[in-house]
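Welcome! Here is a guided walk through one protein model, written for someone seeing it for the first time. Keep the view open beside the text as you read.

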Amino acid sequence: MSADWAGNISPRWTLKLLMLGTLRDGSEASLNRVEEPIGGAPQLLRFAAARQPLELLTRATLGQLAGAFRPEFGLELAYNRLRSRIALESEDARGVRPIPLPASDVVATEWRGEAFANLAWQFAPRWTLETGLAAEQSRITVTGNAAGENSFFFWKPSLALTFQPSATLQLRAAMRRTVGQLNFNDFAASANAEDDRLLAGNPDLGPDSVWRGSLTADYRLPSGFAFNLEAFHEWRSDVLEQIVLPSGVAGLANAGSARVWGAQINGALPLRAILPGGLLEVNALLRDARFDDPITGETRRITGLADPVATVNFRQDLTAQRVAWGLRYELPREVQIFFANEAIFEERSGQLAAFVETTRFLGVRMQLEVRNIGGQEFPRDRRLFAPDRSGAFLGSEVLRRRRGEFVTFTVSDQF
């Protein structure tokens, strides 16, 4: 559900109103059968979960959109709630036994308000200064079989200086602080029967925050050629990582500080000189990180930081025939995931896709796409330790997964 309105309240000032709402009701269940050794008496693990997230947001912005001096002011109010209930039980020759988990039945709510002011000032023909300041106040309450209440206040300043030496080149330096939004599922317990992993909920979670400095060069030609390069460095605080909680069960917590650095590259090269209607696009994100692991004391990447993330797209539009076709290739990537007593190293091989689309029939857009041409590999190395990653290495589980080709046909139109 969403609604928005925008209109001029004076010749120079514009008011924008926005309302968003989302309500979902979901449940899941799984059964995992383990035989050790094969053919022996089985052990059954049953998992059931029900979650009902509710998200409401309203935002008002008053701004001056024209002129060399353009201020903007706004207010935002959000309400989030999650009802979560999970049950886990084990069954073997000795009977059925429930497995207790901290925060298995909880309700987490958040009230969050923000006031902000931004200013864009073109103080010289080639120079623009953008600055802003936001104040965010939030209160998070967790009730049920785990309880907690926390209040947070953050200042979120931003500053950017843009220099445009020519009509085709723009240079920009920026510094900004952002605050993450918590995933309310992390306040509740969870289980993964396939990997035999139990995670406790943590009612004392707080949002992470990031100071991000960047230097950007943007070069564009009338022919359609474009190249954008951004180098950045991030200082992250209250990073969310898996540790052993005071309850003795593994779960997510604010585990320290980290630094992340890298480059974002985007380019577009028109090919009309050799292929009418052709366009080649390249998008790449290269990142590395430094985080002091609270369990092992060693330096590593942060969990879930995929590198590299790169895509090459080719497209040709045959305007007269009202047909387009293209190819997309995603480069291989790897990601590291860390839990309290295990480390997972996942890879994803390159992915090739092709499509053809047309608007010639029935006045609608039709697209036929084939993905994973030649198949895609997903090798995974799961390394287990006891009692945690600072302890003895128990061994590895190595998976070699493969996903074959699949075809989609889409019909779309605007109403």
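## A pocket to start with

In this predicted model, 28 residues line the second largest pocket, and N118, G132, P157, S158 and R176 are the ones that lie nearest its centre. Elements giving two or more residues to that lining are β7 (105-124), β8 (127-144), β9 (148-163), β10 (169-179) and β13 (209-220). Of these, β10 supplies the largest share, with 7 residues. The space inside the second largest pocket comes to about 520 Å³. Its lining is a mixture of classes: 11 residues are nonpolar, 7 are polar and 10 are charged.

## A small enclosed space

Now for a space of another kind. How many cavities of 30 Å³ or more does the structure hold? There is 1. The largest cavity contains about 40 Å³ of space, and its lining consists of E110, R112, E136, S138, I140, G180, Q181, L182 and P207. Two elements, β7 and β8, each give two or more residues to this lining, with β8 giving the most, 3 residues. By class, the cavity lining has 3 nonpolar, 3 polar and 3 charged residues.

## Two nonpolar cores

Next, look for the nonpolar cores. The largest one has 16 residues, and the members that touch the most others are V106, A108, I140, V142, F184 and F187. At least two residues of this core come from each of β7, β8 and β9. It is worth pausing at F187: beyond its neighbours up to four places away in sequence, F187 touches A103, V106, A108, I140, V142, L182, G201, N202, P203 and L205. A second core, separate from the largest one, has 14 residues, including A258, V260, F291 and L305.

I140 is a handy landmark here, as I140 belongs to the largest nonpolar core and also lines the largest cavity.

## Strands side by side

Several strand pairs can be followed in the view. The table lists four of them.

| Strands | Sense | Bridges |
|---|---|---|
| β1 (residues 2-8) and β2 (residues 13-23) | antiparallel | 7 bridges |
| β2 and β4 (residues 43-64) | antiparallel | 11 bridges |
| β13 and β14 | antiparallel | 12 bridges |
| β14 and β17 (residues 258-270) | antiparallel | 11 bridges |

Close to the start of the chain numbering, a hairpin of 4 residues connects β1 with β2. Across that pair, G7 stands opposite L15 in β2. On the pairing of β2 with β4, L18 has R59 in β4 as its bridge partner.

Further along, β13 and β14 also form a hairpin, this one with 5 residues between the strands, and G224 there takes a positive phi near 105°. D218 is bridged to N228 in β14. On the pairing of β14 with β17, H233 stands opposite W261 in β17.

Strand β14 (residues 226-237) has a pattern that is pleasant to trace by eye. Which of its side chains point to the buried face? They are A226, N228, E230, F232, E234 and R236. The alternate residues, F227, L229, A231, H233, W235 and S237, point to the other face and are not buried. N228, the bridge partner of D218, is thus one of the buried set, while H233, opposite W261, is on the other face.

## Two residues up close

To finish, visit two single residues. T311 lies in strand β20 (residues 309-318). Is T311 buried or exposed? T311 counts as buried because its relative accessible area is 17%, under the 20% limit. Setting aside neighbours within four places in sequence, T311 is in contact with E281, V282, N283, R328, Y329 and E330.

R403 lies in strand β27 (residues 392-403). With a relative accessibility of 43%, R403 counts as partly exposed, because that class runs between 20% and 50%. Apart from residues up to four places away in sequence, R403 touches N372, G375, Q376 and F378. As for G374, it sits 29 residues from R403 along the chain, and the C-alpha atoms of the two are separated by 9.4 Å.

Key
Residues are numbered from 1 along each chain as its sequence is written. This is a predicted model: local features need pLDDT of at least 70, side-chain atom pairs count only at pLDDT 80 or more; totals for chains, interfaces and linings use all residues. Side-chain values use heavy atoms; hydrogens and water are left out. On a 1 Å grid over the protein atoms alone, a cavity is a set of points where a 1.4 Å probe fits but cannot get out, and a pocket is an open set with protein on both sides within 12 Å along at least five of seven lines; lining residues have an atom within 4 Å of a point. Grid points are joined across faces, edges and corners, and a volume is the space filled by probe spheres set on the points. Ala, Val, Leu, Ile, Met, Phe, Trp, Tyr, Cys and Pro count as nonpolar, Asp, Glu, Lys and Arg as charged, and the others, Gly among them, as polar. Buried means under 20% relative accessible area, exposed over 50%, partly exposed in between (1.4 Å probe, protein chains only). Two strands pair if DSSP finds at least two bridges between them. A nonpolar core is a set of buried Ala, Val, Leu, Ile, Met, Phe, Trp, Tyr and Cys residues joined through side-chain atoms within 4.5 Å. Contact means heavy atoms within 4.5 Å.
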